Amino acid sequence: MSTAAVLAATLTVGGGAIHTSTAASAAAAPTYVALGDSFAAGPGIPETTGGTCLRSTANYPSLVAARLHLSLTDATCSGATTANVTTTAQDENPPQLTAVTRGTDYVTLTIGNNDVAYTRSQIVCGSARAEGAPCLGVAVDPAAIDSALAHVEADLVATLRAVRRAAPKATILLVAYPRTLPTGGAPCPPQNPMFRDDSRRLARLGAQLQRRLVAAARTAKVTLVDTYRPTGHDVCSPEPQRWIEGAVPESPALLWHPNERGMRDQAAMVVRAIERADRQTGRSADR
(Lines give C-alpha, C1' and ligand atoms only; values in the text may rest on other atoms or scores of the structure.)
Protein backbone atom coordinates (compact mmCIF):
# COMPACT_ATOMS: atom_id res chain seq x y z
CA MET A 1 0.00 0.00 0.00
CA SER A 2 1.39 3.42 -0.90
CA THR A 3 2.17 5.96 1.80
CA ALA A 4 -0.62 8.17 0.50
CA ALA A 5 -3.10 5.32 0.65
CA VAL A 6 -2.03 4.39 4.18
CA LEU A 7 -2.40 7.97 5.37
CA ALA A 8 -5.80 8.21 3.73
CA ALA A 9 -6.90 5.03 5.47
CA THR A 10 -5.53 6.24 8.78
CA LEU A 11 -6.76 9.81 8.72
CA THR A 12 -9.92 9.79 6.58
CA VAL A 13 -13.08 9.80 8.65
CA GLY A 14 -16.80 9.43 8.17
CA GLY A 15 -18.98 7.18 6.09
CA GLY A 16 -19.73 4.60 8.75
CA ALA A 17 -22.96 4.51 10.73
CA ILE A 18 -22.71 3.80 14.44
CA HIS A 19 -22.81 0.04 14.93
CA THR A 20 -25.08 -1.54 17.51
CA SER A 21 -24.94 -5.18 18.55
CA THR A 22 -26.57 -7.08 21.35
CA ALA A 23 -24.52 -9.65 23.23
CA ALA A 24 -27.51 -10.72 25.33
CA SER A 25 -31.26 -10.19 25.22
CA ALA A 26 -32.15 -6.51 24.92
CA ALA A 27 -34.24 -6.66 28.08
CA ALA A 28 -31.45 -8.08 30.23
CA ALA A 29 -28.22 -6.70 28.80
CA PRO A 30 -26.59 -3.63 30.37
CA THR A 31 -25.74 -1.01 27.78
CA TYR A 32 -22.19 -0.24 26.70
CA VAL A 33 -21.07 2.58 24.39
CA ALA A 34 -17.55 2.55 22.93
CA LEU A 35 -16.04 5.89 21.92
CA GLY A 36 -12.70 6.69 20.38
CA ASP A 37 -10.34 6.54 17.43
CA SER A 38 -8.63 3.83 15.39
CA PHE A 39 -6.93 2.28 18.44
CA ALA A 40 -10.42 1.35 19.61
CA ALA A 41 -11.93 0.77 16.15
CA GLY A 42 -9.29 -1.74 15.02
CA PRO A 43 -8.69 -0.96 11.31
CA GLY A 44 -7.32 -3.85 9.29
CA ILE A 45 -8.36 -6.57 11.73
CA PRO A 46 -10.89 -8.91 10.08
CA GLU A 47 -13.74 -8.36 9.73
CA THR A 48 -13.98 -4.63 9.13
CA THR A 49 -17.29 -2.73 9.20
CA GLY A 50 -18.37 0.88 9.64
CA GLY A 51 -17.36 2.29 6.24
CA THR A 52 -14.30 4.54 6.49
CA CYS A 53 -14.52 4.38 10.28
CA LEU A 54 -12.87 0.97 9.75
CA ARG A 55 -14.26 -0.76 12.83
CA SER A 56 -13.31 -4.36 13.38
CA THR A 57 -15.71 -6.96 14.70
CA ALA A 58 -12.71 -8.14 16.76
CA ASN A 59 -11.90 -4.75 18.32
CA TYR A 60 -11.69 -4.52 22.09
CA PRO A 61 -15.22 -3.08 22.47
CA SER A 62 -16.72 -6.08 20.65
CA LEU A 63 -14.67 -8.53 22.71
CA VAL A 64 -15.58 -6.83 25.99
CA ALA A 65 -19.28 -6.81 25.09
CA ALA A 66 -19.21 -10.51 24.22
CA ARG A 67 -17.33 -11.46 27.39
CA LEU A 68 -19.61 -9.49 29.72
CA HIS A 69 -22.90 -9.96 27.80
CA LEU A 70 -23.36 -6.24 27.17
CA SER A 71 -25.48 -4.51 24.54
CA LEU A 72 -22.82 -2.62 22.56
CA THR A 73 -23.14 0.60 20.59
CA ASP A 74 -19.79 1.03 18.83
CA ALA A 75 -19.32 4.69 17.87
CA THR A 76 -15.53 4.44 17.43
CA CYS A 77 -14.12 5.89 14.23
CA SER A 78 -10.62 5.95 12.78
CA GLY A 79 -9.18 9.44 12.68
CA ALA A 80 -11.29 10.76 15.55
CA THR A 81 -10.10 13.56 17.83
CA THR A 82 -11.51 14.75 21.14
CA ALA A 83 -13.63 17.24 19.17
CA ASN A 84 -15.16 14.39 17.16
CA VAL A 85 -16.28 12.79 20.39
CA THR A 86 -17.99 15.87 21.77
CA THR A 87 -18.96 18.47 19.16
CA THR A 88 -17.68 17.88 15.64
CA ALA A 89 -19.15 15.46 13.10
CA GLN A 90 -16.99 13.21 10.94
CA ASP A 91 -18.66 13.52 7.56
CA GLU A 92 -21.99 11.67 7.92
CA ASN A 93 -21.23 10.64 11.49
CA PRO A 94 -22.54 12.87 14.28
CA PRO A 95 -20.35 13.54 17.31
CA GLN A 96 -19.80 10.20 19.02
CA LEU A 97 -21.31 11.43 22.26
CA THR A 98 -24.75 11.34 20.65
CA ALA A 99 -24.62 7.55 21.12
CA VAL A 100 -24.48 7.97 24.91
CA THR A 101 -27.72 8.28 26.90
CA ARG A 102 -28.58 8.88 30.54
CA GLY A 103 -29.29 5.17 30.84
CA THR A 104 -25.90 4.00 29.49
CA ASP A 105 -24.22 1.63 31.95
CA TYR A 106 -20.64 1.54 30.64
CA VAL A 107 -18.53 3.81 28.43
CA THR A 108 -15.00 3.24 27.18
CA LEU A 109 -12.97 5.97 25.51
CA THR A 110 -9.64 5.85 23.67
CA ILE A 111 -8.79 9.31 22.34
CA GLY A 112 -6.00 11.91 22.12
CA ASN A 113 -3.68 10.22 19.61
CA ASN A 114 -4.91 12.22 16.63
CA ASP A 115 -4.99 15.46 18.62
CA VAL A 116 -1.18 15.28 18.82
CA ALA A 117 -0.58 13.47 15.47
CA TYR A 118 1.18 10.59 17.22
CA THR A 119 0.42 7.65 14.91
CA ARG A 120 0.43 9.89 11.84
CA SER A 121 3.97 10.99 12.75
CA GLN A 122 5.12 7.37 13.04
CA ILE A 123 3.70 6.54 9.62
CA VAL A 124 5.24 9.62 8.01
CA CYS A 125 8.62 9.21 9.71
CA GLY A 126 8.83 5.53 8.79
CA SER A 127 8.24 6.48 5.17
CA ALA A 128 10.76 9.32 5.38
CA ARG A 129 13.44 6.82 6.40
CA ALA A 130 12.73 4.83 3.26
CA GLU A 131 13.41 8.03 1.34
CA GLY A 132 16.71 8.50 3.16
CA ALA A 133 15.83 11.65 5.07
CA PRO A 134 15.18 12.62 8.71
CA CYS A 135 11.55 13.42 9.45
CA LEU A 136 10.99 15.56 12.53
CA GLY A 137 11.45 19.18 11.62
CA VAL A 138 10.98 18.34 7.93
CA ALA A 139 7.88 16.23 7.17
CA VAL A 140 6.54 16.56 10.73
CA ASP A 141 6.57 19.82 12.68
CA PRO A 142 7.69 19.30 16.31
CA ALA A 143 6.46 22.77 17.27
CA ALA A 144 2.93 21.88 16.18
CA ILE A 145 3.09 18.68 18.23
CA ASP A 146 4.33 20.59 21.29
CA SER A 147 1.47 23.07 20.88
CA ALA A 148 -1.06 20.24 20.70
CA LEU A 149 0.45 18.55 23.76
CA ALA A 150 -0.02 21.76 25.71
CA HIS A 151 -3.79 21.55 25.18
CA VAL A 152 -4.57 17.85 25.02
CA GLU A 153 -4.89 17.21 28.77
CA ALA A 154 -7.53 19.93 29.14
CA ASP A 155 -9.31 18.60 26.05
CA LEU A 156 -9.31 15.08 27.50
CA VAL A 157 -10.71 16.30 30.81
CA ALA A 158 -13.44 18.27 29.04
CA THR A 159 -14.32 15.22 26.95
CA LEU A 160 -14.55 12.95 29.97
CA ARG A 161 -16.71 15.45 31.83
CA ALA A 162 -19.00 15.69 28.80
CA VAL A 163 -19.36 11.91 28.87
CA ARG A 164 -20.19 12.06 32.58
CA ARG A 165 -22.88 14.67 31.99
CA ALA A 166 -24.40 12.53 29.23
CA ALA A 167 -24.30 9.32 31.30
CA PRO A 168 -24.29 10.31 34.98
CA LYS A 169 -24.62 6.76 36.31
CA ALA A 170 -22.22 5.05 33.90
CA THR A 171 -18.93 3.38 34.69
CA ILE A 172 -16.51 5.37 32.51
CA LEU A 173 -13.13 3.96 31.53
CA LEU A 174 -10.38 5.85 29.72
CA VAL A 175 -8.39 3.21 27.85
CA ALA A 176 -4.79 4.27 27.22
CA TYR A 177 -2.70 3.58 24.12
CA PRO A 178 -0.45 0.51 24.08
CA ARG A 179 3.26 1.25 23.89
CA THR A 180 4.11 1.35 20.17
CA LEU A 181 7.87 1.85 20.51
CA PRO A 182 10.24 0.27 23.04
CA THR A 183 11.56 2.31 25.93
CA GLY A 184 14.34 4.46 24.52
CA GLY A 185 12.87 4.24 21.03
CA ALA A 186 15.65 2.24 19.37
CA PRO A 187 14.77 1.44 15.71
CA CYS A 188 14.26 -2.17 14.63
CA PRO A 189 14.08 -2.42 10.82
CA PRO A 190 11.93 -3.41 9.04
CA GLN A 191 9.20 -2.95 11.67
CA ASN A 192 10.57 0.41 12.78
CA PRO A 193 12.85 1.78 10.06
CA MET A 194 12.94 5.35 11.39
CA PHE A 195 16.11 7.33 11.96
CA ARG A 196 17.24 6.84 15.55
CA ASP A 197 16.61 10.45 16.58
CA ASP A 198 13.14 10.44 15.03
CA SER A 199 12.29 7.18 16.76
CA ARG A 200 13.54 8.31 20.16
CA ARG A 201 11.64 11.58 19.97
CA LEU A 202 8.43 9.81 18.98
CA ALA A 203 8.89 7.33 21.83
CA ARG A 204 9.05 10.36 24.14
CA LEU A 205 5.88 11.71 22.53
CA GLY A 206 4.12 8.45 23.40
CA ALA A 207 5.26 8.78 27.02
CA GLN A 208 4.14 12.42 27.13
CA LEU A 209 0.70 11.52 25.80
CA GLN A 210 0.46 8.74 28.38
CA ARG A 211 1.21 11.15 31.24
CA ARG A 212 -1.58 13.42 30.05
CA LEU A 213 -4.02 10.53 29.86
CA VAL A 214 -3.15 9.51 33.42
CA ALA A 215 -3.59 13.08 34.66
CA ALA A 216 -6.88 13.56 32.80
CA ALA A 217 -8.35 10.36 34.24
CA ARG A 218 -7.37 11.48 37.73
CA THR A 219 -8.83 14.96 37.30
CA ALA A 220 -12.07 13.70 35.77
CA LYS A 221 -12.33 10.91 38.37
CA VAL A 222 -12.68 8.04 35.91
CA THR A 223 -10.91 4.70 35.72
CA LEU A 224 -7.76 4.51 33.59
CA VAL A 225 -7.15 1.17 31.90
CA ASP A 226 -3.38 1.42 31.62
CA THR A 227 -2.59 -0.50 28.45
CA TYR A 228 0.62 1.55 28.08
CA ARG A 229 2.25 0.04 31.17
CA PRO A 230 2.89 -3.52 29.87
CA THR A 231 6.22 -3.80 28.05
CA GLY A 232 7.40 -6.31 25.47
CA HIS A 233 4.45 -5.83 23.10
CA ASP A 234 5.65 -2.94 20.91
CA VAL A 235 6.48 -3.05 17.19
CA CYS A 236 9.99 -4.33 17.94
CA SER A 237 8.77 -7.32 19.95
CA PRO A 238 8.72 -10.85 18.47
CA GLU A 239 5.60 -11.46 16.41
CA PRO A 240 3.98 -13.87 18.92
CA GLN A 241 4.17 -11.18 21.65
CA ARG A 242 3.45 -8.10 19.55
CA TRP A 243 0.32 -6.00 20.16
CA ILE A 244 1.19 -3.32 17.61
CA GLU A 245 2.19 -3.86 13.99
CA GLY A 246 4.87 -1.58 12.59
CA ALA A 247 5.86 -0.53 9.09
CA VAL A 248 5.63 -4.13 7.77
CA PRO A 249 2.64 -5.78 9.46
CA GLU A 250 3.00 -9.52 10.01
CA SER A 251 -0.53 -9.88 11.36
CA PRO A 252 -3.66 -8.29 9.88
CA ALA A 253 -3.76 -4.65 11.04
CA LEU A 254 -3.20 -1.20 9.69
CA LEU A 255 0.48 -0.34 10.10
CA TRP A 256 1.38 1.25 13.45
CA HIS A 257 -1.92 0.00 14.90
CA PRO A 258 -3.07 -2.83 17.19
CA ASN A 259 -3.36 -6.35 15.84
CA GLU A 260 -5.89 -8.93 16.95
CA ARG A 261 -3.67 -10.12 19.80
CA GLY A 262 -3.34 -6.55 21.03
CA MET A 263 -7.09 -6.06 20.94
CA ARG A 264 -7.67 -9.33 22.76
CA ASP A 265 -5.23 -8.53 25.56
CA GLN A 266 -6.54 -4.98 25.90
CA ALA A 267 -10.07 -6.36 26.10
CA ALA A 268 -9.00 -8.60 28.98
CA MET A 269 -7.67 -5.55 30.82
CA VAL A 270 -10.91 -3.65 30.24
CA VAL A 271 -12.98 -6.63 31.42
CA ARG A 272 -10.97 -6.83 34.64
CA ALA A 273 -11.43 -3.09 35.22
CA ILE A 274 -15.19 -3.34 34.70
CA GLU A 275 -15.43 -6.35 37.00
CA ARG A 276 -13.55 -4.44 39.72
CA ALA A 277 -15.91 -1.50 39.31
CA ASP A 278 -18.91 -3.85 39.42
CA ARG A 279 -17.75 -5.37 42.70
CA GLN A 280 -17.63 -1.89 44.19
CA THR A 281 -21.07 -0.88 42.93
CA GLY A 282 -22.88 -4.20 43.09
CA ARG A 283 -23.83 -3.84 39.44
CA SER A 284 -22.58 -7.34 38.59
CA ALA A 285 -25.71 -8.74 40.20
CA ASP A 286 -27.66 -7.24 37.29
CA ARG A 287 -26.05 -9.62 34.81
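Colleague: Is Asp197 buried, partly exposed or exposed?
Modeller: This is a predicted model. Buried means under 20% relative accessible area, and exposed means over 50%. Asp197 has 46% relative accessibility, so Asp197 counts as partly exposed.

Colleague: Which residue does the side chain of Asp197 meet in a salt bridge?
Modeller: Look along helix α7, residues 196-220. Asp197 and its partner are four residues apart there, which means a separation of about one helical turn. The N to O distance is 3.5 Å, and the partner is Arg201.

Colleague: And is Arg201 buried, partly exposed or exposed?
Modeller: The limits are again under 20% for buried and over 50% for exposed. Arg201 has 30% relative accessibility, so Arg201 is partly exposed.

Colleague: Which residues line the largest pocket?
Modeller: The pocket has a volume of about 160 Å³. By class, its lining has five nonpolar, one polar and three charged residues. The residues are Leu136, Pro142, Ile145, Asp146, Arg201, Leu202, Arg204, Leu205 and Gln208.

Colleague: Which element gives the most to the lining of the largest pocket?
Modeller: Two elements give two or more residues to this lining: α6 (142-166) and α7. Arg201 is in the lining, and Arg201 lies in helix α7. With five residues, the element that gives the most is α7.

Colleague: Which strands hold Arg55 and Asp74?
Modeller: The side chains of Arg55 and Asp74 meet in a salt bridge, 4.0 Å from N to O. The pair links distant parts of the chain, 19 residues apart. Arg55 sits in β4 (residues 55-56), and Asp74 in β5 (residues 71-74).

Colleague: Are Arg55 and Asp74 buried or exposed?
Modeller: Buried requires under 20% relative accessible area. Arg55 meets that rule, and so does Asp74: they are buried.

Colleague: In the salt bridge of Asp226 and Arg229, which residue is exposed?
Modeller: The two side chains meet at 3.5 Å, N to O. Asp226 has a relative accessible area of 18%, so Asp226 is buried. Its partner has 63%, and therefore the exposed residue is Arg229.

Colleague: Which residues are linked in a network of salt bridges?
Modeller: A salt bridge needs a side-chain nitrogen of Lys or Arg within 4 Å of a carboxyl oxygen of Asp or Glu. One Arg and two Glu residues are linked in this way: Arg242, Glu245 and Glu250.

Colleague: How many salt bridges does the count come to?
Modeller: The cut-off is 4 Å. Among the pairs are Asp197 with Arg201 and Asp226 with Arg229. The count comes to seven.

Terms used: Residues are numbered from 1 along each chain as its sequence is written. This is a predicted model: local features need pLDDT of at least 70, side-chain atom pairs count only at pLDDT 80 or more; totals for chains, interfaces and linings use all residues. Side-chain values use heavy atoms; hydrogens and water are left out. Buried means under 20% relative accessible area, exposed over 50%, partly exposed in between (1.4 Å probe, protein chains only). On a 1 Å grid over the protein atoms alone, a cavity is a set of points where a 1.4 Å probe fits but cannot get out, and a pocket is an open set with protein on both sides within 12 Å along at least five of seven lines; lining residues have an atom within 4 Å of a point. Grid points are joined across faces, edges and corners, and a volume is the space filled by probe spheres set on the points. Ala, Val, Leu, Ile, Met, Phe, Trp, Tyr, Cys and Pro count as nonpolar, Asp, Glu, Lys and Arg as charged, and the others, Gly among them, as polar.
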